[in-house]
Amino acid sequence: MAWAEPIEDRPMHVRHFLPFALVLLAAPLPAQQRTAPFVIEQTGEGFATIDAAVTAVRDGTATILIAPGTYRDCTVQTGGDITFRARTPGTVIFDGGACEEKATFVLRGRRSTVDGIVFRRIRVPDGNGAGIRTEIGDLTVTNSTFLDSQEGILGGNPDGRQRIVIDRSTFAGLGQCDETTDCSHSVYLGNNGSITITRSRFERGTGGHYVKIRAPRIDITDSSFDDSRGNKTNYMIDLPEGATGVIARNTFVQGKAKENWTGFIVVGAEKHTFPARGLRIEDNDARLAPGMDKSPAFVADYTGDGVAVGANRLGPGVRKFETR
């Protein structure tokens, strides 16, 4: 052992220091922190509400671990780099809470990551109630679910080179065109950087588009768009100002209860802000649900930039390409 002599024979400063050090090493976290629903992983500090935990991070970097449960509060992240992580994916449900009459999570820090969380039943007066409203900073959403709200994820920073990534997430029962003048969508994002959607599922839309993006660079791959139970929906993917990038290895099923059935993927329908030359659409599977008797275009292009529509598997009634 490092100390063989009796305590009383040790130097006075060691006699005072050692018990104090042992107390520090042995001291457990207070019970209210160990059992709190929101715990900062790096410090072990616990909080009763998500907003209290976010406020404690300030402009730092931290992971907030969230215990299983249903929560009706919301938060505004005004700085820092925060990861919001469910201790058990799919068991953390934020139900109906909306800060600033915008969203459950209003994000304007340096960076945000949302992992394993369910957002549902969010509605606000302007028709844009979302699970996540991203306003500043990069955003990564993974393994999360957005249900039965006006919008799933909304926002973006048009003035910055923001990077948004959505992976392994589900969007169902989202969108509206009846509650307000402007439609809401399952995902509606815009920035001057890039937006990537991978391995995600979109289904049972209730209005608007499934994905609407205003950005120069997009990548939408390995995802599914099932509109067979959709109602009053529009396009599967709307790129209203153009874009470059890739849309590949996705499956699309268009249902019959459409507000606008004329296209699966539509490019530049509103204006021509971003060049679409080099946008590649390939290796997708697109079909019509039983009872759908229209003949939509798989890709409709307003830009005239030469969108590269490669080999895709198209079911009966789906036309490959249309210039508008």
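Student: Which residue in β12 is the bridge partner of T134?

Tutor: G155 is the bridge partner of T134. This is a predicted model, where local features need pLDDT of at least 70 and side-chain atom pairs count only at pLDDT 80 or more, while totals for chains, interfaces and linings use all residues. Residues are numbered from 1 along each chain as its sequence is written, and side-chain values use heavy atoms, with hydrogens and water left out.

Student: What makes β10 and β12 a pair?

Tutor: Strands are DSSP runs of E with at least two residues, numbered from the N terminus. Two strands pair if DSSP finds at least two bridges between them. β10 and β12 have four bridges, in the parallel sense. Four meets the minimum of two, so they pair.

Student: How many bridges join strand β8 to strand β10?

Tutor: 10 bridges do, and the two strands run parallel. β8 covers residues 103-115 and β10 residues 130-142. S112 stands opposite L139 in β10. Strand β13 (residues 163-167) is also joined to β10, by four parallel bridges. There, T140 stands opposite V165.

Student: Where are the edge strands of the open sheet?

Tutor: The sheet has 10 strands in the order β4-β7-β9-β11-β14-β17-β20-β23-β26-β29, with parallel pairing. Its edges are β4 (69-71) and β29 (313-314), since each pairs on one side only. Two bridges join β26 (residues 285-288) to β29. Two just satisfies the rule of at least two, so this counts as a pair. D285 has R313 as its bridge partner in β29.

Student: Why is the contact of D115 with R85 called a salt bridge?

Tutor: The term requires a side-chain nitrogen of Lys or Arg within 4 Å of a carboxyl oxygen of Asp or Glu. For D115 and R85, the closest N and O atoms are 3.1 Å apart. That value is within 4 Å, so the contact qualifies. D115 lies in strand β8 and R85 in strand β6 (residues 81-86), so the salt bridge ties together parts 30 residues apart in sequence.

Student: Are D115 and R85 buried or partly exposed?

Tutor: Buried means under 20% relative accessible area, exposed over 50%, and partly exposed in between (1.4 Å probe, protein chains only). D115 has 17%, so it is buried. R85 has 31%, so it is partly exposed.

Student: What makes E135 and R133 a salt bridge?

Tutor: Their closest N and O atoms are 3.9 Å apart. That is within 4 Å, so the pair counts. E135 is buried at 18%. Both residues belong to a network of salt bridges that also links E100, K102 and R108.

Student: Which residue does E282 meet in a salt bridge?

Tutor: E282 meets R280, at 2.5 Å from N to O. E282 is partly exposed, at 28%. R280 is partly exposed too, at 37%. The structure holds 32 salt bridges.

Student: How many aromatic pairs does the search find?

Tutor: It finds 14 across the whole structure. Rings of Phe, Tyr and Trp (its six-membered ring) pair if their centres lie within 6.5 Å; planes under 30 degrees apart are stacked, over 60 edge-to-face, and the rest tilted. The rings of F171 and F202 have centres 4.8 Å apart and planes at 5 degrees, so the pair is stacked. F171 is in strand β14 (residues 170-172) and F202 in strand β17 (residues 201-203), so the contact ties together parts 31 residues apart in sequence. F171 and F202 are both buried.

Student: Why is the pair F252 and F264 called edge-to-face?

Tutor: The ring planes stand at 85 degrees and the centres 6.2 Å apart, so the pair is edge-to-face. F252 lies in strand β23 (residues 251-254) and F264 in strand β24 (residues 263-267), 12 residues apart. F252 is buried at 1%, and F264 is buried at 0%.

Student: What is the volume of the largest pocket?

Tutor: It is about 170 Å³. A pocket is an open set of points on a 1 Å grid over the protein atoms alone, where a 1.4 Å probe fits, with protein on both sides within 12 Å along at least five of seven lines; lining residues have an atom within 4 Å of a point. Grid points are joined across faces, edges and corners, and the volume is the space filled by probe spheres set on the points. Strand β12 (residues 151-155) gives the largest share of the lining, three residues. The lining includes R133 and G155.
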